[in-house]
Amino acid sequence: MLPENFILYSIQILLVVVMIAMIIVVIRSYLLHRQPIFKRFGLGMLIGFITDFGDTLGIGSFATTTAAFRMTHYIDDDRKLPGTLNAVHAIPVMFQALFFITAVKVELTTLLPMTTAAVIGAYVGTHVTKKWHAPTVQRVMAIALLIAVIIMIVRMITTPGSNNSMGVHGLHGWWLILGIVFNFGIGVLMTMGLGNYAPELIFFSLMGVNPAVAFPVMMLDAALIMPTTALNVIKMDRVSWRGFAGVAIGGVLGVIVAAKFFASMDVDLLNKLIVVVALWTIFGLLRDSMKKNV
């Protein structure tokens, strides 16, 4: 068997390669198709910084980004919203994974199969949703946000898994099989706008794993789900390029700053604020989906 450290470093190299591939795709789209990736750059940087700062702390970025995009009319076509969320946060989340993949010990027999299942789910999900119309996307996004809000409220009230032993570093037997199936579903749902952090933290907590141990798994999942989804939706022209560079660059800065405060940051107030903003966004999505001639 290969040494564990060698495998972890190999994963880090894979993340760097995928990150470079994503950057090349973005540059190519700008040079060949003159996509407006630098439009509204300052606002994009602010959105990216705030959302990926919170993402690094385990809050997630999809709900906050959806709310920010809709409040600022950053995207003019909601059909492209799920794809854009995955594409624009792909590079910042890969930075997150590079920070955390070796920070906490997690068994590779849990990390690798669960991440693989999530990536396969993302590939399947992009093809399931490719012909959805705007009202369908808006309603699914509203449902995804509502699920995320419910999970966030449960986490705030019960703090699940906080008393779980730090000595448990993975899943085994039937629990691992359940985790693989669960992560396949998470991969599919991420292409529809549901972030993976909160659901995975709840899942690992119910399995008796401390949430701190779950961080490398959920971050690696996101770091490979997002570019998998992004590369597919870019081919399908389901990404809004306006301000893409600003959000991505701001997101990377948010990750770097948040990583410095990770251990000491109290995110309870942030969670409450996000719940309120997400509920308002849900209302807006449902309202717009009911309009005629959407």
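Here are some short exercises with worked solutions on the predicted model shown above.

**Exercise 1. Describe the overall fold of the protein chain in terms of its helices and strands.**

Solution. Start by counting elements: the protein chain has 11 helices and zero strands. Next, read them from the N terminus on, which gives α-α-α-α-α-α-α-α-α-α-α. Then turn to packing: of the 294 residues, 54% are buried. Now look at the contacts between residues at least 6 apart in sequence; 88% of these join residues at least 24 apart. Finish with the surface, where about 13300 Å² is exposed and carbon and sulfur atoms supply 71% of that area.

**Exercise 2. Check whether the end-to-end span of helix H10 agrees or disagrees with its number of residues.**

Solution. Helix H10 covers residues 244-261, which is 18 residues. The expected span takes 1.5 Å times one less than the number of residues. For H10 this comes to 26 Å, and the end C-alpha atoms are 26 Å apart, so the two agree. While you are on this helix, pick out its buried residues: they include Phe244, Gly246, Val247, Gly250, Gly251, Gly254, Val255 and Ala258.

**Exercise 3. Find which residues have the most contacts inside the largest nonpolar core, and follow one of them outward.**

Solution. The largest nonpolar core has 72 residues, and those with the most contacts inside it are Ile11, Leu15, Phe69, Met94, Leu111, Phe204 and Phe244. Helix H9 (residues 211-235) gives the largest share of this core, with 14 residues. Now follow Leu111: setting aside residues up to four places away in sequence, Leu111 touches Leu8, Ile11, Ile101, Val106, Pro216, Val217 and Leu220. Phe244, also on the list of residues with the most contacts, is one of the buried residues of H10.

**Exercise 4. Locate the nonpolar surface patch and classify Val128 as buried, partly exposed or exposed.**

Solution. Begin with the members: Ile120, Tyr123, Val124, Val128 and Phe184 form a patch of about 430 Å². Helix H5 (residues 108-128) supplies the largest share, four residues. Val128 is found in this helix. Its relative accessibility is 46%, and because partly exposed lies between 20% and 50%, Val128 falls in that class.

**Exercise 5. Place Met236 in the structure and name its contacts beyond four places in sequence.**

Solution. Met236 sits in the loop between H9 and H10. With a relative accessible area of 25%, Met236 is partly exposed. Leaving out neighbours within four places in sequence, its contacts are Thr126, His127 and Lys130. Take Thr126 as an example: Met236 and Thr126 are 110 residues apart in sequence, while their C-alpha atoms are 9.3 Å apart in space.

Notes
Residues numbered from 1 in each chain as written. Predicted model: local features only at pLDDT ≥ 70, side-chain atom pairs only at ≥ 80, totals over all residues. Heavy atoms only, no water. Helix = DSSP H or I, 4+ residues; strand = E, 2+ residues; numbered from the N terminus. Buried < 20%, exposed > 50% of the residue type's maximum accessible area, 1.4 Å probe, protein only. Patch = residues over 30% accessible without salt bridge, like charges linked within 9 Å, V, L, I, M, F, W, Y side chains within 5 Å. Areas by Shrake-Rupley, 256 points an atom, 1.4 Å probe, with all protein chains shown as cover. Salt bridge = Lys/Arg side-chain N within 4 Å of Asp/Glu carboxyl O. Core = buried A, V, L, I, M, F, W, Y, C linked by side-chain atoms within 4.5 Å. Contact = heavy atoms within 4.5 Å.
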